[in-house]
Amino acid sequence: MNELLTTSEMSRADALAIEAGVAGEALMENAGRAVAAATLALGRGAEVVVLCGPGNNGGDGFVAARHLACAGRRVRVALLGGRDRLKGDAALMASRWEGPIETLQPDCLKGAGVVVDAVFGAGLSKPIEGAAAAVVAAVNAMTVPVVAVDVPSGVDGTTGEVRGAAVRAARTVTFFRLKPGHLLMPGRSLCGDLRLADIGIPGVVLDTIRPSIRANGPQLWRQHFPAPQADGHKYDRGHAVVVSGGPWNTGAARLAAGAALRIGAGLVTVASPTAALPVNAAHLTGVMLTEAEGLDGLAAALQDSRRNAVLLGPAAGVGEETAARALVALAAARPVVLDADALTSFAEDPPRLFEAIGADAGRPVLLTPHEGEFRRLFPDIAEAAPGRPERARRAAARSGAVVILKGADTVVAAPDGRVAINADAPPWLATAGSGDVLGGMALGLLAQGMAGFEAASAAVWLHGAAANRIGRGLIAEDLPEALPAILADL
Ligand SMILES: NC(=O)C1=CN([C@@H]2O[C@H](COP(=O)(O)OP(=O)(O)OC[C@H]3O[C@@H](n4cnc5c(N)ncnc54)[C@H](O)[C@@H]3O)[C@@H](O)[C@H]2O)[C@@H](O)CC1
Ligand SMILES: [K+]
């Protein structure tokens, strides 16, 4: 159930269900009935105004209006555009509505105690403007609950972006499977409480559609998650290396190293420039320390093949020195996580990074940009690609790396096209050092032999779960500490 369907995949699901013998009319009837059921509990008997658009989303609205009226609610219906524009099932459902049909405009909201938003759904094809935009503004100025059908009108179901204007719903009822836009920002924040209704589309249609985007959660990677063996040794659980910055910039590496250890790496070493050794030594206990001065020092530290995964970038400093160190790490034939300054250091020449990644395509490389770092490495993709999943996917395909595009709706994409969207990170996770911990968690999983996409997705989800467990007041140091309880629940 964690598959997410883009709006075009969703209309394919409808079409395949109909081909398989399910009546389109039945799908719409079930959809509208589910909306009515989700609306009945709201507004304590107050009048419901159902706003219908010219497509099948509006058709669902007519069905919901009929069921609400049958249940004894006072219902009024307003339609965008002439009734003669309605086609197919939507026209059929409008004909089964026995009450009057008003013209959609802000005035029809007068007296409403609950609003059903059935103006646009998966078929939104351009920005909302004119009368529809005026109604959206009027709905958002009201304090009554709004139930959105499929998506809040104006939210793009595939990207989560607002096109022109969008309704702010208290509840959204969608069908068969969620869409990316329900989890991506700002769509997610406009949906309110999300409900998923079964409308009779058989699950086997997914075998044909093969959706590539999923909601991130343990189902996606639990089978790959490293499980320590009873007779195992710490050396079986990998040896992660975190490269430290200079003497004034060591904290980020230690945060990452602590996270790698907590998530189960057998051994973790901070590889430190000579001048930073005393600072690191003064703060490390379970994490080990080794000297790695300059490029040769790093190469020497990585010669030990038991050191099987490397993280570089946190507080590394932007410039040629960091770029060259990243190339040393990438040349050492093992999984690499590149974060923060290690990404920005390639802003002048991104292909130089991608070539080094491509030189050994067999091992996983993770890039963990936030939006600004992403823009520096992939300016054209940031400009042109529609929505964050597509941006991350194109970047992964170009770079050959798993891309973790960080944000309130972190997206993980693999070079083979798989995408995971994380939807439950709380706002207080955006705090100093939080990204360093995420990099360390991913590193710790790679060191234990987890595959790149799964390690990235698991790290992102666990990072969010840890933050939810801690709650407000969280600082980055708390995140690794919260892991044991979450790992126990897995
Ligand atoms: N059999 C099906 O296809 C089913 C579809 N369902 C519903 O159907 C919806 C999709 O239906 P449609 O594909 O007809 O699409 P919509 O009903 O979302 O909208 C399409 C209509 O709106 C117009 N339009 C789009 N954007 C506009 C804008 N910005 N300004 C003005 N007009 C605009 C289009 O020209 C078209 O007439 C789903 O969201 C869902 O609610 C459900 O009934 C389940 C079954
Ligand atoms: K809608």
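In this predicted model, serine 153 sits in the loop that runs between strand 6 (146–149) and strand 7 (171–175). Serine 153 is buried, because 30 other C-beta atoms lie within 10 Å and 20 or more is the mark of a buried residue. Beyond the residues up to four places away in sequence, serine 153 touches Asp117, Val119, Phe120, Ile128, Val136, Ala148, Ala166 and Val167.

**A site around Asn57, Asp117 and Ser153**

Serine 153 also appears in a record. An unreviewed UniProt entry carries the annotation "binding site" for Asn57, Asp117 and Ser153. These residues are spread over 97 residues of sequence, but they cluster in space, with a largest C-alpha distance of 9.5 Å.

Asparagine 57 belongs to helix 3. Is asparagine 57 buried or exposed? Asparagine 57 counts as buried, because it has 26 C-beta neighbours inside 10 Å. With residues up to four places away in sequence not counted, asparagine 57 touches Ala118, Val119, Phe120, Gly121, Gly123, Val149 and Asp150. Val119 and Phe120 are among the residues that serine 153 touches, too.

**Ligand 1**

Ligand 1 is surrounded by 28 residues. The closest are Gly55, Asn56, Asn57, Gly121 and Gly123. Asn57 is thus on the list of closest residues and under the UniProt annotation. By class, the shell has 13 nonpolar, 11 polar and 4 charged residues.

Which helices each supply at least two residues of this shell? They include helix 1 (7–19), helix 2 and helix 3. Helix 3 gives the largest share, with 5 residues.

Helix 2 and helix 3 have another role in the packing. Helix 4 (residues 88–95) has Asp89, Ala90, Met93 and Ala94 buried. Seen down the axis of helix 4, these buried residues fall within an arc of 140°, so they line one face of the helix. The cover over them includes helix 2 (24–40) and helix 3 (56–70).

**A second annotated site**

The unreviewed UniProt entry also places a "binding site" annotation on Lys406, Gly407, Ala408, Asp409, Thr410 and Gly435. These residues span 30 residues in sequence, yet no two of their C-alpha atoms are more than 14.0 Å apart, so they gather at one spot.

Glycine 407 lies in the loop between strand 16 (402–405) and strand 17 (411–413). Alanine 408 is placed in the loop between strand 16 and strand 17 as well. Glycine 407 is partly exposed, with 16 other C-beta atoms within 10 Å. Alanine 408 is partly exposed, also with 16.

What does each touch, leaving aside neighbours within four places in sequence? Glycine 407 is in contact with His370 and Glu371. Alanine 408 is in contact with Met185, Ala425 and Pro427.

**Backbone features**

Met185 leads to a cis peptide bond. This bond joins methionine 185 and proline 186, with omega of about -5°. Proline 186 is in the loop between helix 6 (180–183) and helix 7 (187–191).

Arginine 210 is not a glycine, but its phi is positive, about 45°. Arginine 210 lies in the loop between helix 8 (205–209) and strand 9 (213–215). Alanine 340 is not a glycine either, and has a positive phi of about 45°. Alanine 340 is in helix 14 (residues 340–344).

The table sets out the burial of some residues discussed here.

| Residue | C-beta neighbours within 10 Å | State |
|---|---|---|
| Serine 153 | 30 C-beta atoms | buried |
| Asparagine 57 | 26 C-beta atoms | buried |
| Alanine 340 | 24 C-beta atoms | buried |
| Glycine 407 | 16 C-beta atoms | partly exposed |
| Alanine 408 | 16 C-beta atoms | partly exposed |
| Arginine 210 | 8 C-beta atoms | exposed |

**The whole chain**

The protein chain has 21 helices and 18 strands. Its C-alpha atoms fill a box of roughly 80 × 45 × 40 Å along the principal axes. The radius of gyration is 26 Å, which agrees with the value near 23 Å for a compact globule of 490 residues. Buried residues make up 54% of the 490 residues. Among contacts between residues at least 6 apart in sequence, 73% join residues at least 24 apart.

Terms used. Residues numbered from 1 in each chain as written. Chains lettered and ligands numbered in written order. Predicted model: local features only at pLDDT ≥ 70, side-chain atom pairs only at ≥ 80, totals over all residues. Helix = DSSP H or I, 4+ residues; strand = E, 2+ residues; numbered from the N terminus. Rg over C-alpha atoms; globule rule 2.2 N^0.38 Å. Buried ≥ 20, exposed ≤ 12 C-beta atoms within 10 Å, placed from the backbone. Contact = placed C-beta atoms within 7 Å. Arc of directions from axis to C-beta. UniProt positions renumbered as here; feature names shortened; annotations may be inferred. Near = placed C-beta within 6 Å. Nonpolar A, V, L, I, M, F, W, Y, C, P; charged D, E, K, R; others polar.
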